[in-house]
Amino acid sequence: MAIFAASAALILSQPAAMARTRPHPHHVVTPVAAQQHAANATWVGETGKASYYSSRYNGRITSSGQRFSQNELTAAHAWLPFGTKIRVYCQATGRSVIVTVTDRIYSNRRILDLSRSAAQELGIIRRGVAKVSLTPV
């Protein structure tokens, strides 16, 4: 019995076992570096790739606690405070839209996830992903 308890304690102390009990990296609250960015009042914008939410997310609760609607002009951003309004300009189509940040995105490839309505305004539904520029409103 003591051998079983000792081996169980040894297994539980291993990083692989502990990794299963840690929250998934996508569900972790924004890191300190991201909070410092959010507190930085000199943010003038950024450029990168944006995509839009799949329809399966419609009706789900976002990180801000609001229910996601693909019919509203909303977006997910890594660190901008919830409620921040930003202008999203699509370089390929020459169109822009103002969206409100209501969720978080955890991606190394994209800087923004848009609601379907916002993606339609920008004309990127067929493309799926487009290069965009973000500026504060």
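This briefing walks through the strand barrel and the aromatic contacts of the structure above. The model is predicted. At its heart, for our purposes, are two topics: a closed barrel of six strands, and three aromatic pairs.

**The barrel**

- Going round the closed barrel, the six strands follow the order E1-E5-E2-E4-E3-E6, and their pairing is mixed.
- From one strand to the next, the twist averages 45°.

**Strand E1 and its two partners**

- E1 covers residues 46-52 and pairs in the parallel sense with E5, residues 112-114, over three bridges.
- Two of the residue matches with E5 can be named: Ser 51 stands opposite Asp 113, and Tyr 52 has Leu 114 as its bridge partner.
- E1 is also joined to E6, residues 129-136, and here the two strands run antiparallel with six bridges between them.
- On the E6 side, Gly 48 stands opposite Val 132.

**The tryptophan pair**

- How far apart are the ring centres of Trp 43 and Trp 79, and at what angle do their planes lie? The centres are 6.0 Å apart and the planes stand at 90°, so this pair is edge-to-face; edge-to-face here needs an angle over 60 degrees.
- Trp 43 sits in the loop between helix H3 (32-39) and E1, while Trp 79 sits in the loop between E2 (74-77) and E3 (85-90).
- Because of those positions, the pair ties together parts of the chain that are 36 residues apart in sequence.
- Trp 43 and Trp 79 are both buried.

**The Tyr 53, Tyr 57 and Phe 68 cluster**

- Tyr 53 and Tyr 57 also make an edge-to-face pair, with 6.0 Å from centre to centre and 65° between the planes.
- Are these two tyrosines buried or exposed? Tyr 53 has a relative accessible area of 9% and is therefore buried, the limit being under 20%.
- Tyr 57, at 29% relative accessibility, counts as partly exposed, because that class lies between 20% and 50%.
- Ring pairs bring Phe 68 into the picture too, linking it with Tyr 53 and Tyr 57 into a cluster.

**A charge over a ring**

- Which ring has the charged end of Arg 104 sitting over it? The ring belongs to Phe 82, and the charged end of Arg 104 is 4.1 Å from the centre of that ring.

Key:
Residues are numbered from 1 along each chain as its sequence is written. This is a predicted model: local features need pLDDT of at least 70, side-chain atom pairs count only at pLDDT 80 or more; totals for chains, interfaces and linings use all residues. Side-chain values use heavy atoms; hydrogens and water are left out. Two strands pair if DSSP finds at least two bridges between them. Helices (H or I, at least four residues) and strands (E, at least two) are DSSP runs, numbered from the N terminus. Axes are lines fitted to C-alpha atoms, for helices over the stretch in contact, and angles run from 0 to 180 degrees between N-to-C directions. Rings of Phe, Tyr and Trp (its six-membered ring) pair if their centres lie within 6.5 Å; planes under 30 degrees apart count as stacked, over 60 as edge-to-face and the rest as tilted. Buried means under 20% relative accessible area, exposed over 50%, partly exposed in between (1.4 Å probe, protein chains only). A charge sits over a ring if NZ of Lys or CZ of Arg is within 6 Å of the ring centre and within 35 degrees of the ring normal.
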